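I opened the model and kept notes as I went. The entries follow in the order I looked things up.

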Amino acid sequence: MLRLKKLMPLLHDIMVINEGAEVGASEGENAFRIHVPLVSEDLQKVWRDFLVNYAEALKAKHSNLTIEITNIQGKDWIEIVVRTI
């Protein structure tokens, strides 16, 4: 079981980029959903690319956590999922 204390540095890094990030938890994982701003389509692509790159950097920085990144085209968010088991 992963303690919240271990997630706090990651949560802080996510909140720096998006204070409106959604957090959810289920057995075995914690998920952070970061929404792409509602801007023009070309700017949404830039934002999505930036968020994916930022998520990849967080994954490298917080390598002590098991992190997966979900980027589904057509959705207005990306997810950073931390496996806890």
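**Entry: strand pairing**

I started with strand β1, residues 22-26, and strand β2, residues 29-35. In this predicted model the two pair in the antiparallel sense over 5 bridges. I checked the register at one position: serine 26 stands opposite glutamate 29 in β2. The hairpin of β1 and β2 has 2 residues between the strands. I looked up the backbone there and found that glycine 28 takes a positive phi near 95 degrees.

Next I asked how many bridges join β2 to strand β4. There are 7, and β2 and β4, residues 77-83, run antiparallel. For the register I noted alanine 31, which stands opposite valine 81 in β4.

**Entry: asparagine 30**

I moved along β2 to asparagine 30, which lies in that strand. Buried or exposed, I asked of asparagine 30? Asparagine 30 counts as buried, because its relative accessibility is 15% and the cut-off for buried is under 20%. I then listed its contacts, leaving aside neighbours within four places in sequence. Asparagine 30 is in contact with Leu7, Gly24, Ala25, Ile80, Val81, Val82 and Thr84.

**Entry: arginine 33**

Arginine 33 also lies in strand β2. At 24% relative accessibility, I logged arginine 33 as partly exposed. I took one backbone distance: the C-alpha atoms of arginine 33 and valine 23 are separated by 6.4 Å, with the two residues 10 apart along the chain. Not counting residues up to four places away in sequence, arginine 33 touches Ala21, Glu22, Trp77, Ile78 and Glu79.

Two of these partners deserved their own lookup. What does arginine 33 do with tryptophan 77? Arginine 33 lies over the face of that residue, at 3.8 Å from the ring centre. With glutamate 79, the side chain of arginine 33 makes a polar contact of 2.8 Å.

**Entry: glutamate 79**

I followed that contact to its other end. Glutamate 79 is found in strand β4. Its relative accessible area is 15%, so glutamate 79 is buried. I collected its contacts beyond neighbours within four places in sequence. They are Ala31, Phe32, Arg33, Glu68, Ile69 and Thr70.

**Entry: glutamate 68**

Glu68 was on that list, so I went there next. Glutamate 68 is found in strand β3, residues 66-71. I recorded glutamate 68 as partly exposed, with a relative accessible area of 35%. Which residues is glutamate 68 in contact with, leaving aside neighbours within four places in sequence? I found Glu79, Ile80, Val81 and Arg83.

I looked at two of these in detail. The C-alpha atoms of glutamate 68 and valine 81 are separated by 5.1 Å, and these residues are 13 apart along the chain. The side chains of glutamate 68 and arginine 83 are joined by a polar contact of 2.8 Å.

**Entry: nonpolar core**

I turned to the largest nonpolar core, which has 16 residues. Which of them touch the most other members? They are Leu10, Ile14, Ile34, Ile80 and Val82. At least two residues of this core come from each of α1 (4-17), β2, α2 (41-61) and β4. The largest share, 4 residues, comes from α2.

I picked isoleucine 80 for a closer check. Not counting residues up to four places away in sequence, isoleucine 80 touches Ile14, Asn30, Ala31, Phe32, Ile34, Ala55, Leu58, Ile67 and Glu68.

**Entry: aromatic rings**

I searched for aromatic pairs and found 2 in the structure. One of them is tryptophan 47 with phenylalanine 50. I noted this pair as edge-to-face, at 5.9 Å centre to centre and 85 degrees between the planes. Where do the two residues lie? Both are in helix α2, 3 residues apart, about one turn of the helix.

I checked exposure for each. Tryptophan 47 is partly exposed, with a relative accessible area of 32%. Phenylalanine 50 also counts as partly exposed, at 36% relative accessibility. Last, I traced the ring pairs: they link Trp47, Phe50 and Tyr54 into a cluster.

Note on methods:
Residues are numbered from 1 along each chain as its sequence is written. This is a predicted model: local features need pLDDT of at least 70, side-chain atom pairs count only at pLDDT 80 or more; totals for chains, interfaces and linings use all residues. Side-chain values use heavy atoms; hydrogens and water are left out. Two strands pair if DSSP finds at least two bridges between them. Buried means under 20% relative accessible area, exposed over 50%, partly exposed in between (1.4 Å probe, protein chains only). Contact means heavy atoms within 4.5 Å. A polar contact is a pair of N or O atoms within 3.5 Å; within protein, one must be able to donate a hydrogen and the other to accept it, and residues adjacent in sequence count only if both atoms are side-chain atoms. A nonpolar core is a set of buried Ala, Val, Leu, Ile, Met, Phe, Trp, Tyr and Cys residues joined through side-chain atoms within 4.5 Å. Rings of Phe, Tyr and Trp (its six-membered ring) pair if their centres lie within 6.5 Å; planes under 30 degrees apart count as stacked, over 60 as edge-to-face and the rest as tilted. A charge sits over a ring if NZ of Lys or CZ of Arg is within 6 Å of the ring centre and within 35 degrees of the ring normal.
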